[in-house]
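Good morning, colleagues, and thank you for making time for this presentation. Please take a moment to look at the sequence and the structure before I begin.

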Amino acid sequence: MQCAQYSSGHCHSCQWLEKPYFQQLEDKQRNLKQLLAQTIVGQWLSPIASEQSTFRNKAKMVVSGSVERPLLGMLHRDGIAVDLCNCPLYPPHFQHVFDVVKSFIACAGLTPYNVARKRGELKYLLLTESRNSGEMMLRFVLRSETKIAQLKRALPQLRAQLPQLTVISANIQPIHMAILEGEKEILFTEQKVLKEEFNGIPLYIRPHSFFQTNPKIAAELYATAGRWARELKINSMWDLFCGVGGFGLHCADKNTRLTGIEISPEAIDCARDSAKTLGLENIEFQALDSTRFAIAKEQIPELVLVNPPRRGIGKELCDYLSRMVPGYILYSSCNAQTMAKDIAALANYRVEKIQLFDMFPHTEHYEVLTLLVLNRG
């Protein structure tokens, strides 16, 4: 992949860009095997490769520059701004959206936030696209509500130029820190949810919902989890750290009793919408802390699926699972280092199979799916 910003030395976010892609996959697989060197693995499956460019479905852009000439991209630690609208990780049609939005920023008088001076209003632009419908969600992250009225007045012009923007909102983030978003969200559109679809499963994205940035690989990951779960012929499962429900909805059918747990109420609303659309009545989703939910239960399902944040599931949940011994644990991880630590703590289980999914080409990061089976001997 060719990148002008990388070649010029302005952006090194893709730190492995000069490494041939086949070598990237080999190095990631080697890293995963090193992390699990003390673990017996029944089956190492081949890594799932990504497209090398245009694979991202979202952009998180720092807004800098002036109101007349805004820059969308990133800020170096020395304060130098880099415009990343032509980043080859984005689909080509994102470029037109960025160009129109830049003009809108000037029209609406949204002064970019100046970090050094602590002045200005517009901090970030967050753009997410549904690859299924082509519709988009655009969020303006503002320091305060000062510019809300004039932003709202200017919106008809933006929507006329970009009718694919079906969900538009302002997020209020008043803290002078590198925090992407705040708690308050002000919606400007009647439509509040962006609908995506993976493998025939409807998934809904609200402004605060976490969603994978590489939809093709995410769809492969969910499909693989569903296939592995169905092969086990289980009737009951938990989906802990379930997000918008992608894993559980791929694993369950009309006869599966599924409980999905996620701390974010907004994500749970999305998961419930998907279950309702699919007509799955044996599924419930609850907005709770996953670890607190689990350790309060005296009965456990046949399969526990976990998709934790980078910190892993942790000692408390590992101890609980080791004590309650569900027949199967399906572990999806974005940090193989913490996953390996968790697996070492689950001494009652063997790794039946494992597969790497290259969600983040040109970086050292990857996703991994692991099936753990209880040793019954």
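I shall go through the domains, the two sheets and then several individual residues.

First, the ground rules. This is a predicted model, in which local features need pLDDT of at least 70 and side-chain atom pairs count only at pLDDT 80 or more, while totals for chains, interfaces and linings use all residues. Residues are numbered from 1 along each chain as its sequence is written, and side-chain values use heavy atoms, with hydrogens and water left out.

Let me start with the domains. The assignment gives domain 1 as 13-52 + 214-374 and domain 2 as 58-198; such bounds come from an automatic or database domain assignment. The centres of the two domains, taken over C-alpha atoms, are separated by 31 Å. Nine residues of domain 1 and four residues of domain 2 make the contact, where contact means heavy atoms within 4.5 Å. Between them, domain 1 and domain 2 bury about 540 Å², and 77% of that is on carbon and sulfur atoms. Buried area here is the accessible area, with a 1.4 Å probe, that two parts lose on being put together, summed over both.

I turn now to the sheets. Helices (H or I, at least four residues) and strands (E, at least two) are DSSP runs, numbered from the N terminus. Two strands pair if DSSP finds at least two bridges between them.

One open sheet has seven strands in the order β3-β2-β1-β4-β5-β6-β7, with mixed pairing. At its edges are β3 (81-83) and β7 (184-187), each of which pairs on one side only. On average, neighbouring strands of this sheet are turned by 40 degrees against each other, direction ignored. Axes are lines fitted to C-alpha atoms, for helices over the stretch in contact, and angles run from 0 to 180 degrees between N-to-C directions. Within this sheet, β1 (residues 58-65) and β4 (residues 122-129) pair in the antiparallel sense over five bridges, and K60 stands opposite L126 in β4. Helix α3 (residues 94-108) packs on the sheet, touching β1, β2, β3, β4 and β5, and its direction makes about 150 degrees with that of β4. Helix α4 (residues 148-161) lies across β5, β6 and β7, running at about 160 degrees to β6.

Another open sheet of seven strands follows the order β12-β11-β10-β13-β14-β16-β15, and its pairing is also mixed. Its edges are β12 (283-287) and β15 (349-357); each has a single partner strand, so one side of each is left without a neighbour in the sheet. Here the average turn between neighbouring strands is 15 degrees, direction ignored. Eight bridges join β15 to β16 (residues 367-374), and the two run antiparallel; the bridge partner of K353 in β16 is L371. Helix α7 (residues 265-278) packs on this sheet, where it touches β11 and β12, at about 170 degrees to the direction of β12.

Helix α7 also holds S274. Is S274 buried or exposed? S274 counts as buried, because its relative accessibility is 0%; the cut-offs, with a 1.4 Å probe and protein chains only, are under 20% relative accessible area for buried, over 50% for exposed, and partly exposed in between. Not counting residues up to four places away in sequence, S274 touches P202, L203, Y204 and L249.

Next come the annotated positions. UniProt, in an unreviewed entry, places the feature "active site" at C334. Positions are given in the numbering used here, feature names are shortened, and annotations may be inferred rather than shown by experiment. C334 is in the loop between β14 (328-333) and α10 (336-345). Leaving aside neighbours within four places in sequence, which residues does C334 contact? They are P308, P309, R310, Y366 and E367.

The adjoining text concerns α10. Its buried residues are A336, T338, M339, A340, D342 and I343, and what covers them includes α2, α9, β14, β15 and β16.

The unreviewed UniProt entry also gives a "binding site" at C3, C11, C14 and C87. These positions are spread over 85 residues of sequence, yet they cluster in space, with a largest C-alpha distance of 10.6 Å. C14 is in the loop between α1 and α2 and is buried at 13% relative accessibility. C87 lies in the loop between β3 and α3 and is buried at 18%.

Thank you for your attention.
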